[in-house]
Amino acid sequence: EIKRRPDFVDGLKTLVSMYQTLGNYSRVTELYYQMIMLNPGSKEYYAAFAASAKASGKRAETLAALQQFKVANPNAQVLDELIALLK
């Protein structure tokens, strides 16, 4: 279902749970980012995104990617907030 509907948040939450159980926090971070981008006005997943990025051991890489996205999208306030959480 997620392949057909990438905006299927309940399916994304199920995947997050599965990947957390497996300890794949890089994938968890990607999924939380996807959920944030689906609803950028909601801050429901911000803290979980930051925690999973730190747990993945790829905090610096995630931060660099967000900063690149910010250059391409200078008015995206959501990116500013996510960058601040990772610093």
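**A tour of the ring cluster and the largest pocket**

Select Y33, F49 and F69: ring pairs link these residues into a cluster. The model is a predicted one. Three aromatic pairs are present in the structure, and two of them are the next stops.

Start with Y33 and F49. Their ring centres lie 6.1 Å apart with the planes at 45 degrees, so this pair is tilted. The contact joins distant parts of the chain, since Y33 sits in helix α2 and F49 in helix α3, 16 residues apart. Both Y33 and F49 are buried.

Keep Y33 and add F69. Here the ring centres are 5.8 Å apart and the planes stand at 25 degrees, so the pair is stacked. This pair also links distant parts of the chain: Y33 in helix α2 and F69 in helix α4 are 36 residues apart. Now colour by accessibility. Y33 has 19% relative accessibility and therefore counts as buried; F69, at 37%, counts as partly exposed.

Next, show the largest pocket, which holds about 220 Å³ of space. Select its lining: S26, T29, E30, Y33, F49, S56, K58, E61, T62, A65, L66 and F69. The elements giving two or more residues to this lining are α2 (25–38), α3 (46–56) and α4 (59–72). Which element gives the largest share of the lining? Select α4, which supplies five residues.

Last, colour the lining by residue class: five residues are nonpolar, four polar and three charged. Y33, F49 and F69 are among the lining residues, and ring pairs link these three into the cluster where the tour began.

Conventions:
Residues numbered from 1 in each chain as written. Predicted model: local features only at pLDDT ≥ 70, side-chain atom pairs only at ≥ 80, totals over all residues. Heavy atoms only, no water. 1 Å grid on protein atoms, 1.4 Å probe; cavity = no way out; pocket = protein on both sides within 12 Å on 5 of 7 lines; lining within 4 Å. Points joined across faces, edges and corners; volume = space filled by probe spheres on them. Helix = DSSP H or I, 4+ residues; strand = E, 2+ residues; numbered from the N terminus. Nonpolar A, V, L, I, M, F, W, Y, C, P; charged D, E, K, R; others polar. Phe/Tyr/Trp six-rings, centres within 6.5 Å; stacked < 30°, edge-to-face > 60°. Buried < 20%, exposed > 50% of the residue type's maximum accessible area, 1.4 Å probe, protein only.
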